[in-house]
There are 2 protein chains.
Amino acid sequence: MQKGAILVLSGPSGSGKSTVINAASEEIGEYYFSISTTTRAKREGEVDGVDYFFVDREDFEEDIKAGNFLEYAQVHGNYYGTSLKPVKEALKEGKLVIFDIDVQGHRLVRAKMNDITTSVFITPPTLKELEKRLRARSTDDEAVIAKRLQNAKSEIAAAGEYDFTIINDSVEVAAKQFVTVSKAARLKQSRESREKFIKEWFGEE
Amino acid sequence: MQKGAILVLSGPSGSGKSTVINAASEEIGEYYFSISTTTRAKREGEVDGVDYFFVDREDFEEDIKAGNFLEYAQVHGNYYGTSLKPVKEALKEGKLVIFDIDVQGHRLVRAKMNDITTSVFITPPTLKELEKRLRARSTDDEAVIAKRLQNAKSEIAAAGEYDFTIINDSVEVAAKQFVTVSKAARLKQSRESREKFIKEWFGEE
C-alpha cells in the first residue's frame with residue numbers, strides 16, 4: 001500500500017508553526033518538508049534551498065505557465081508557490097509531505113490532492129498573546145506587526161476549513177498534538193491506492 | 001474549549017472492530033462507547049444495555065417519530081439505531097463518543113454532526129482472510145457467512161468516504177493506529193466552539 005500523504009499546517013505568523021514542527025520533528029518519522037519558491041528578496045540569515053528557493057520573477061512566471069506549481073499566490077507584490085516536482089517525488093517514495101502554507105494555499109492543495117490531504121490549523125491562544133510574541137521577536141517594525149495582526153484575524157476566520165485545530169498554549173502539548181495528526185495523516189489512502197487495494201482484496205489481481 | 005467529539009468506526013463484520021477497540025481501550029483516554037438500540041431478538045449471551053438496548057418495534061417507531069434517533073436503519077427486517085440523548089450528554093461532558101456503525105449510519109452522522117466527526121474504516125487485509133476469520137468464529141452457518149462476505153464487498157467499496165483507513169493485519173498495529181485516530185479526533189472543533197474561541201480570541205468577550 002502506498003503511504004505517501006500530505007499534511008498541511010497553517011496558522012498566523014507568530015503562531016509558532018516552526019517551533020512546533022521542530023519540537024515534533026523526531027517523533028514524526030520520515031517526512032519531506034516542502035520548501036516554497038518565492039520571488040521576494042532574500043533576508044539576512046536566510047539560505048536558498050532551506051528557507052525558500054529564491055528565484056526571479058521571470059522564472060517564476062515561466063513555471064506558472066508550464067503548470068509546475070501545486071499552488072501559488074501573490075502576496076504584497078511577491079510570488080510564493082510550491083513546485084510540484086519534489087512533492088510528487090517524495091509522495092512516490094511513500095513519504096509524508098508537510099506544507100507550511102497559508103489559507104489560500106491550503107484551498108488549492110485540497111482542490112488538487114484532497115484524497116491524501118490532512119490539514120491542521122495552529123493558533124495562538126489569544127490575539128493578545130500573538131501580539132506579545134510578534135513584539136518579542138523584535139525583527140518587525142510597528143507597521144509590519146499591525147499588518148501581521150490584521151492578517152491573523154482573517155486567517156483565523158478560516159480555521160473551520162481545516163480537519164483539526166491546535167491551540168498553541170504550550171509548545172510541548174502542541175508538538176504532541178502535531179505528532180498525533182502527522183501519524184493520523186499517514187492513514188489517509190489515495191483513491192489510486194484504495195482502488196488497487198480493493199482489487200487485491202477481491203483477489204482480482 | 002469544548003472537547004466533545006465523535007469518532008465513527010466502520011468495517012465489515014469480522015474485520016476485528018471490537019478486538020481493536022478493546023486492545024486500544026486503555027490508551028484512548030475517557031470515552032463513551034455508543035450502544036445501539038435494536039428491535040432484533042436478543043441472542044444467547046447478549047446483555048441488554050451492554051451489547052444493545054433491546055426494544056420492541058412499537059417503541060422504536062415511536063422514537064423515530066419523536067426524532068430521538070441520530071441515525072437508524074432497517075437491516076434484514078430489524079431496526080437498528082443510535083439514540084441522540086446519551087450521545088448529546090456525553091458530548092456535553094466533553095467526552096469522545098465512539099460509534100461502531102455501518103456505512104449508512106456513518107453517512108447519517110456526517111450529515112448531522114460533520115464538524116465534530118472523524119471517521120475510520122477498518123478492513124481485513126484480504127477477502128480470504130475475512131472468510132477465514134468468519135469461519136473460525138464458527139457461530140455462523142454457511143448462509144450467514146455468505147451473506148456477511150457479500151455485505152463486506154459492498155461496505156469496502158465505501159471506504160473512500162472515511163477520513164482514515166486501518167488495514168487490520170496485526171491487532172497490535174491496528175490498535176495503535178486506532179489510538180492515534182482517537183487522539184486526532186479530539187482535535188476537531190465544533191462550529192459552535194470555534195465561533196466562541198474566535199470571539200474570545202478577538203477579545204470580544
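**Notebook: a loop residue, a two-chain contact and a helix pair**

I began with exposure: His76(A) has 7 C-beta neighbours inside 10 Å and therefore counts as exposed. The cut-off I applied for an exposed residue is 12 or fewer such neighbours. I note here that the model is predicted.

I then looked up where His76(A) sits, and found His76(A) in the loop between β5 (69-75) and β6 (78-83) of chain A. I also checked the backbone of His76(A): phi is near 50 degrees, a positive value in a residue other than glycine. For background, I recorded that most residues other than glycine have a negative phi.

I turned next to chain B. His76(B) is placed in the loop between β5 (69-75) and β6 (78-83) of chain B. His76(B), not a glycine, has a positive phi of about 50 degrees. I counted His76(B) as exposed because it has 7 C-beta neighbours inside 10 Å.

**Entry on the contact between the chains**

How many residues does the contact take from each chain? I found 26 residues from chain B and 26 residues from chain A. On the side of chain B that touches chain A, I listed α5 (127-137), β9 (164-167), α7 (171-185) and α8 (191-201), each of which supplies at least two residues. Of that side, α7(B) gives the most, with five residues. I sorted the residues of the side of chain B that touches chain A into 14 nonpolar, seven polar and five charged.

**Entry on the symmetry**

I laid chain B on chain A by a turn of 180 degrees and a shift of 0.0 Å along the axis, and the RMSD was 0.0 Å. The two copies are therefore related as by a two-fold rotation axis. Which C-alpha of chain B is nearest the axis? I found that of Thr180(B), which is 2.9 Å from the axis. I noted as well that the same surface serves both copies, since 100% of the contact residues of chain B recur in chain A.

**Entry on a helix pair in chain A**

Finally, I examined helix α5 (residues 127-137) and helix α6 (residues 142-156) of chain A, whose axes come within 11 Å and cross at roughly 145 degrees. I recorded the crossing of α5(A) and α6(A) as right-handed. From α5(A), I listed Leu130(A), Glu131(A), Leu134(A) and Arg135(A), which meet Ile145(A), Arg148(A), Leu149(A) and Ala152(A) in α6(A). The residues of this contact of α5(A) with α6(A) divide into five nonpolar, no polar and three charged.

Notes: Residues numbered from 1 in each chain as written. Chains lettered and ligands numbered in written order. Predicted model: local features only at pLDDT ≥ 70, side-chain atom pairs only at ≥ 80, totals over all residues. Helix = DSSP H or I, 4+ residues; strand = E, 2+ residues; numbered from the N terminus. Buried ≥ 20, exposed ≤ 12 C-beta atoms within 10 Å, placed from the backbone. Contact = placed C-beta atoms within 7 Å. Nonpolar A, V, L, I, M, F, W, Y, C, P; charged D, E, K, R; others polar. Least-squares fit on C-alpha atoms with pLDDT ≥ 70 in both. Axes fitted to C-alpha atoms, helices over the stretch in contact; angles between N-to-C directions. Left-handed = near helix turned anticlockwise from the far one by under 90°.
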